[in-house]
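Here are my notes on the model, set out as numbered points for you to follow alongside the coordinates. Please read them with the structure open.

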Amino acid sequence: MTDPDLPADAKTESLVGLDSWQQSFQWLRNMFVVVLILLVVLSGSLNLYLYRQVSLANRQLNETRPGVEKMVAEYQGKTFPFISMVLSNFQAFARTTPDFGPAVLNKYLGTSSPPAAVAPVGPAAKPVATNAPPANRTKPR
Amino acid sequence: MKRQPLALTLMMVLFLNAVVAPILSYRFIQITREQNRLKMQYNAVNGKTQLLQQLLSEALEYSRKDPTIDPLLEKIGVKTRPATPVTATKPTNK
């Protein structure tokens with residue numbers, strides 16, 4: 001080693017600095033890979049959970065749908081015409097027997113006088129929407 | 001620059017996961033909406049059927065006080081006609 005002391009020190013310092021920088025860089029790369037692995041595990045778990053939920057909900061939907069569709073078809077085919085017939089008959093009866101309207105029919109139609117049309121009962125009907133008759137109505141005489 | 005195949009693979013997997021997650025979420029939302037729609041239909045039909053049952057039972061109750069409603073209840077099939085005596089249906093041979 002015939003070089004002067006000062007340049008040798010500088011060279012050593014720069015080598016030490018480079019080595020430290022390389023170590024830091026390697027550490028950062030490793031950390032990046034570790035974070036990537038964690039993210040992949042996290043997002044994979046989330047996707048697995050979502051997939052299971054979708055499968056479960058889809059299975060429940062497929063089990064429920066035929067029953068409900070059958071029920072709705074039966075309602076539209078049989079029950080709704082029957083309700084219309086019953087209501088029109090009851091309304092006609094309420095016209096001849098004024099006691100019947102306040103005692104029974106108005107609780108379900110929600111009006112003080114029997115309406116002329118059968119329109120209240122239907123899939124989009126409002127007056128029959130209440131599930132229970134009001135409690136404080138006039139009692140039948 | 002030295003490439004890292006592991007990091008590249010992980011990033012691809014991460015990208016795939018990021019694409020799949022919104023698709024699954026959207027599908028889940030669709031299924032849940034459909035379930036809610038079916039539930040509402042079921043509740044509506046059930047509620048109206050129950051209401052009809054209540055109305056008919058009240059009409060039956062009313063018929064005890066006012067029998068003039070009986071023909072109407074018999075017509076709609078809620079109340080059965082009381083059995084008529086045999087002697088009344090027999091033809092008289094004079």
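1. A word on terms comes before the fold of chain B: helices, meaning H or I runs of at least four residues, and strands, meaning E runs of at least two, are taken from DSSP and numbered from the N terminus. On that basis chain B reads α-α-α along its sequence, with 3 helices and 0 strands. Please keep in mind throughout that this is a predicted model.

2. On the surface of chain B, the accessible area comes to about 7,000 Å², and 63% of that area belongs to carbon and sulfur atoms. Of the 94 residues in chain B, 27% count as buried.

3. The packing between the two chains deserves attention where helix α2 of chain A (residues 100–109) meets helix α1 of chain B (residues 5–65), since their axes come within 9 Å and cross at roughly 170°. Angles over 145 degrees count as roughly antiparallel, and α2(A) and α1(B) are therefore roughly antiparallel to each other. From α2(A) the contact is made by A:F100, A:A103, A:V104, A:L105, A:K107 and A:Y108, while α1(B) contributes B:L51, B:Q54, B:L55, B:E58, B:A59 and B:Y62.

4. Over all chains the structure holds 4 salt bridges. One of them joins the side chains of A:K107 and B:E58, with an N to O distance of 3.1 Å, and this pair crosses between chains, running from helix α2 of chain A to helix α1 of chain B. The lysine of this pair, A:K107, has a relative accessible area of 15%, and because buried means under 20%, A:K107 is classed as buried.

5. Within chain B, B:E34 forms a salt bridge with B:R37, and the closest N and O atoms of the two are 2.8 Å apart. Because B:E34 and B:R37 are 3 residues apart in helix α1 of chain B, about one helical turn separates them. At 38% relative accessibility B:R37 counts as partly exposed. These two residues also belong to a network of salt bridges that links A:R65, B:E34 and B:R37, which a reader inspecting either residue may wish to display as a group.

6. A further salt bridge is formed by B:E61 and B:R64, whose closest N and O atoms are 3.5 Å apart. Here too the spacing is 3 residues within helix α1 of chain B, so B:E61 and B:R64 are separated by about one helical turn. The two partners fall in separate classes of exposure, in that B:E61 is partly exposed with a relative accessible area of 44%, whereas B:R64, at 65% relative accessibility, counts as exposed.

7. Which residues does B:L73 contact, leaving aside its neighbours within four places in sequence? They are A:F90 from chain A, together with B:A59, B:L60, B:S63, B:V78 and B:K79 from chain B. B:L73 itself lies in helix α2 of chain B (residues 70–75) and is buried, with a relative accessible area of 0%. One of these contacts, B:S63, is 10 residues away from B:L73 along the chain, and the C-alpha atoms of the two are separated by 8.5 Å.

8. Finally, chain A carries a nonpolar surface patch of about 790 Å², made by A:W27, A:L28, A:M31, A:V34, A:V35, A:L38, A:L39 and A:L42. One of its members, A:V34, lies in helix α1 of chain A (residues 5–96) and is partly exposed, with a relative accessible area of 40%. Membership of a patch requires over 30% relative accessible area.

Definitions and conventions. Residues are numbered from 1 along each chain as its sequence is written. Chains are lettered from A and ligands numbered from 1 in the order in which they are written. This is a predicted model: local features need pLDDT of at least 70, side-chain atom pairs count only at pLDDT 80 or more; totals for chains, interfaces and linings use all residues. Side-chain values use heavy atoms; hydrogens and water are left out. Patches are made of residues with over 30% relative accessible area and no salt bridge: like charges are joined within 9 Å, nonpolar side chains (Val, Leu, Ile, Met, Phe, Trp, Tyr) within 5 Å. Accessible areas come from the Shrake-Rupley method with a 1.4 Å probe; for residues, only the protein chains shown count as cover. Buried means under 20% relative accessible area, exposed over 50%, partly exposed in between (1.4 Å probe, protein chains only). Axes are lines fitted to C-alpha atoms, for helices over the stretch in contact, and angles run from 0 to 180 degrees between N-to-C directions. Angles under 35 degrees count as roughly parallel, over 145 as roughly antiparallel, 65 to 115 as roughly perpendicular and the rest as oblique. Contact means heavy atoms within 4.5 Å.
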